[in-house]
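Please look through the sequence and the structure shown here. The report that follows goes through a selection of local features, one after another.

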Amino acid sequence: MGKNIITKILDAHLVEGKLEPGTEIAIRIDQTLTQDATGTMAYLQFEAMGVPRVKTELSVSYVDHNTLQDGYENADDHRYLQTVAAKHGIHYSKAGNGICHQVHLERFGRPGRTLLGSDSHTPTGGGVGMLAIGAGGLDVAVAMGGGPFYLTCPKVVKINLTGKLPPWVSAKDVILAILEVLTTKGNVGMVIEYGGDGVGTLSVPERATITNMGAELGVTTSLFPSDDNTRAFLKAQGREDHWTAFAADPDATYDRTIDIDLAGLVPRMAKPHSPDNIATVRELAGTKVDQVMVGSCTNSSYRDLMIVAAMLKGKRVHPDVSFGVAPGSRQVLAMIASNGALAEIIAAGGRILESTCGFCIGAGQAPRTDAVSIRTNNRNFEGRSSTKSAKVFLASPESATAAALTGVITDPRDLGSNYPVIGMPDWFWIDDSMVLPPSDRPDSVVITRGPNIGDPPKGEPLPDMIKGRITIKVGDKITTDHIMPAGSRLKYRSNIPKYAEFVFEGTDPLFSKKSLENKLAGVHNIVVAGTSYGQGSSREHAAICPMFLGVKAVIAKSFERIHAANLINFGILPLTFSRDADYDIVEAGNELEIAGIVAALTSGTDLSLMDITARKQIVLKYSLSGRQREILLAGGMLNYTKMKAK
């Protein structure tokens, strides 16, 4: 029986377990990436392990999230990241060099390799044929130290692409169409492999747009084959020697196949406030627009910005629209500057933003009150733009630029223009001078820690009885942005006591205060949630800060993969209701007891919750491997790692 691409790469990197879907496996990691919002804590954790040099083929530390230096905190963290990278064998991509996923695709991505990144959009690397997976920073730290990455062996879904995209329809419309089919929930434990004759019509940047937003589906990762288009891209990056052909065997099998006819797609948008709330652009046409933002790791490639420039040439942005463009990398910015495309964007009234994540994470360019903002990024969760009342729509560069020109949502096919044909360049502008290699004299490097940088908080062994109260009850699709706000709050990421003040800030501003009071009184805090708890960012602070506040368990209808792993890593018990109806029984403020935890986790049996307030007994389940149960009992991954090292 033939193998699909996912199975081939997993098989070549398998360290523990068997490739049986649903079972835990461990794989060797070739490359890692971090970004500054998650990387500071990841490197503090790496230092705590006592490993002198990283043991991966390549590890890169990027600064791309917190470049707004409205205080000393971000600049101090950047200096820490630079010095810790120099000392421990890590390459350091300076602020201004670009967004981690765009730069990694351009300069470091290799077909057939494994990449683990402390950012949920790490699967962007699947556009070049990597098995690229997002994870919490602690998992990345372990991988840098030479440890394997543990995951559930996934089911493989093939998306069979046929035909060719028509004019004015682009890769963003492909992934929005897939989100319309699969939605943002119910896909945990799956990976997506793209195939079919339509694959050959898509360039690597287009493929990367599609794999990037696979994160919104909740799948472990997404991947395209490595073919002649991949080779051409790597050759143009001066890295043809990194190319390897990777394709599924003709008789490869899949758990499910979904057919997508590229020729039949039309421009789409995701409406507020979820990436799977899909409508066609024509259905939304005429909606007044206040702001348009083009950029982010999803749509900021050379190809994307050349499309924008061609559409703007000789025209003006509508006077009522604030229009910003953020090139994804210094490479992209230099190329559009040298060929005149940047001048066309500026002449049309575009605001040129730094090559960072910026507006995507709410770090600048917040829309006005009640604004309609059209953005090419990947998430439109309520409040993520830093304006809670704003209505954010996700769109392709083509649809976004059409709205910028007309002032209303407009199907780009209705502009009456010829579709710009943008070919891939034979050679990209290459200058890696802003990627600093590690020091060849590591013993001479002194790591610099500013006053905002603290030590990783220490977890405590899980108690045999959790006795406390439901400090907060939330609904479905709670994202890590709901739990730990981004934007300006991210500057406290290396100061856990301070950052913990903002846990659930937008849902219950008193959550942090109540939780600390409970903790000091010896009362455990418990969070109750609906389906798909922990969607979105891989931000492990959404587990670290609740741990610091004394949260011992989260009880939900279902969890998303990365967040569930982060909870385990920091000693918080992720439990699920055996019946969804039990969610309606428990209420915020209710006093609860969960007894016999050690014996249950040791034997793998269900747990019993006693709701003292409601006088109800409820059966709780969990999906934990034996290793994960040991991590929880130890009080988290750091404790577990130290215990195993003895």
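In this predicted model, Ala371 is in contact with Asp290, Ala390 and Lys391 once its neighbours within four places in sequence are left aside. Ala371 belongs to the loop that runs between strand S17 (351-352) and strand S18 (372-375), and with a relative accessible area of 1% Ala371 is buried. Between Ala371 and Lys388 there are 9.9 Å in space, taken from C-alpha to C-alpha, although the two are 17 residues apart in sequence.

A second loop position can be read in a similar way. Arg384 lies between S18 and strand S19 (391-394), and Arg384 is buried, with a relative accessible area of 8%. Not counting residues up to four places away in sequence, Arg384 touches Cys360, Ile361, Gly362, Arg379, Asp481 and Arg539.

The next topic is the strands. Strands of a sheet pair through backbone hydrogen bonds, and they do this either parallel or antiparallel. An open sheet with antiparallel pairing is formed by three strands in the order S1-S2-S8. Its edge strands are strand S1 (14-16) and strand S8 (149-152), each of which pairs on one side only, and from one strand to the next the twist averages 45°. S1 is joined by two bridges to strand S2 (residues 24-27), to which S1 runs antiparallel, and Glu16 has Ala26 of S2 standing opposite.

Strand S15 (residues 291-294) and strand S16 (residues 322-325), by contrast, run parallel and are joined by four bridges. Within this pairing, Val294 has Val325 in S16 as its bridge partner. Both faces of S15 are covered, since Gln291 and Met293 on one side are buried, as are Val292 and Val294 on the other.

Turning to the helices, two packed helices are described by the angle between their axes and the distance between the axes. The axes of helix H10 (residues 302-312) and helix H11 (residues 330-338) cross at roughly 35° and come within 10 Å, and the crossing in which H10 passes H11 is right-handed. Where they meet, Tyr302, Leu305 and Met306 come from H10, while Val332, Met335 and Ile336 come from H11. Tyr302 also takes part in a cluster with Phe233 and Phe428, linked by ring pairs.

In another helix, H20 (residues 626-634), the buried residues are Arg627, Gln628, Arg629, Ile631, Leu632 and Ala634. Gly635, which comes just after H20, takes a positive phi of about 95°.

Which kinds of ring arrangement can be described further? The structure holds eight aromatic pairs. In the pair of Phe577 and Tyr583, the ring centres are 6.2 Å apart and the planes stand at 85°, so this pair is edge-to-face. Phe577 and Tyr583 are both buried.

Charged side chains are also placed over rings, as the table sets out.

| Charged residue | Ring beneath its charged end | Distance from ring centre |
|---|---|---|
| Lys498 | Tyr492 | 5.5 Å |
| Lys557 | Tyr583 | 4.7 Å |

Tyr583 therefore appears in two of these descriptions, with its ring edge-to-face to that of Phe577 and with the charged end of Lys557 sitting over it.

Methods. Residues are numbered from 1 along each chain as its sequence is written. This is a predicted model: local features need pLDDT of at least 70, side-chain atom pairs count only at pLDDT 80 or more; totals for chains, interfaces and linings use all residues. Side-chain values use heavy atoms; hydrogens and water are left out. Rings of Phe, Tyr and Trp (its six-membered ring) pair if their centres lie within 6.5 Å; planes under 30 degrees apart count as stacked, over 60 as edge-to-face and the rest as tilted. Buried means under 20% relative accessible area, exposed over 50%, partly exposed in between (1.4 Å probe, protein chains only). A charge sits over a ring if NZ of Lys or CZ of Arg is within 6 Å of the ring centre and within 35 degrees of the ring normal. Contact means heavy atoms within 4.5 Å. Two strands pair if DSSP finds at least two bridges between them. Axes are lines fitted to C-alpha atoms, for helices over the stretch in contact, and angles run from 0 to 180 degrees between N-to-C directions. A crossing is left-handed if the near helix is turned anticlockwise from the far one by less than a right angle, and right-handed if clockwise.
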